[in-house]
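Please work through the following exercises with the model open beside you. Each one sets a task and then solves it step by step.

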Amino acid sequence: MVQQVQAIEAVAADEKIAAEGTVVHVLAQVEARDDGGRWPLAYELTLAVRSGRWEVTGLESGTVQEGGRS
């Protein structure tokens, strides 16, 4: 379940696609669940504009501990 998505650069929040080659960084916080419990996870995504759309060009993952990345 997605808990929160935050963009570092303001251009990521614009309603229009940015110029070709624009790069932004996004933090996506999610919660994985199963019968054994819940696990807060965080994914740092790097996105770039290519051919008029945002594409993921980088991904780092980790667990969230006390509001930050581990």
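**Exercise 1: The strands around E31**

In β3, residue P40 is the bridge partner of E31. This is a predicted model, in which local features need pLDDT of at least 70 and side-chain atom pairs count only at pLDDT 80 or more, whereas totals for chains, interfaces and linings use all residues. Residues are numbered from 1 along each chain as its sequence is written, and side-chain values use heavy atoms, with hydrogens and water left out.

Task: Place E31 in its strand, and establish how that strand pairs with β1 and β3.

Solution. Step 1: begin with the inventory of elements, which comprises five strands and zero helices, where strands (E, at least two residues) and helices (H or I, at least four) are DSSP runs numbered from the N terminus. Step 2: locate E31, which lies in strand β2, residues 23-34. Step 3: follow the pairing on the β1 side, where strand β1 (residues 2-7) runs antiparallel to β2 and is joined to it by five bridges; two strands count as paired if DSSP finds at least two bridges between them. Within this pairing, V26 in β2 stands opposite A7. Step 4: turn to strand β3 (residues 37-50), which pairs with β2 in the antiparallel sense over twelve bridges, the two strands being joined by a hairpin through two residues.

**Exercise 2: The surroundings of E31**

Task: Decide whether E31 is buried or exposed, and list what it touches beyond its sequence neighbours.

Solution. Step 1: the relative accessibility of E31 is 17%, so this residue counts as buried, given that buried means under 20% relative accessible area, exposed over 50% and partly exposed in between, with a 1.4 Å probe and protein chains only. Step 2: for the whole chain, buried residues make up 21% of the 70 residues. Step 3: leaving aside neighbours within four places in sequence, E31 is in contact (heavy atoms within 4.5 Å) with M1, Q3, R38, W39 and P40.

**Exercise 3: Charged partners**

Task: Find the salt bridges that involve E31, and state how exposed each partner is.

Solution. Step 1: recall that side chains of opposite charge can pair when their charged atoms come close. The criterion for a salt bridge is a side-chain nitrogen of Lys or Arg within 4 Å of a carboxyl oxygen of Asp or Glu, and the structure holds four of them. Step 2: one of these links the side chains of E31 and R33, at 2.7 Å from N to O; R33, at 45% relative accessibility, counts as partly exposed. Step 3: R38 also forms a salt bridge with E31, the closest N and O atoms being 3.9 Å apart, and R38 is exposed, with a relative accessible area of 55%. Step 4: through shared partners, the salt bridges join E31, R33 and R38 into one network.

**Exercise 4: R53 and a partner distant in sequence**

Task: Describe where R53 sits and which residues it touches.

Solution. Step 1: R53 belongs to strand β4, residues 53-65, and with 43% relative accessibility R53 counts as partly exposed. Step 2: not counting residues up to four places away in sequence, R53 touches I17 and A48. Step 3: R53 and A19, which are 34 residues apart in sequence, lie 9.7 Å apart in space from C-alpha to C-alpha.
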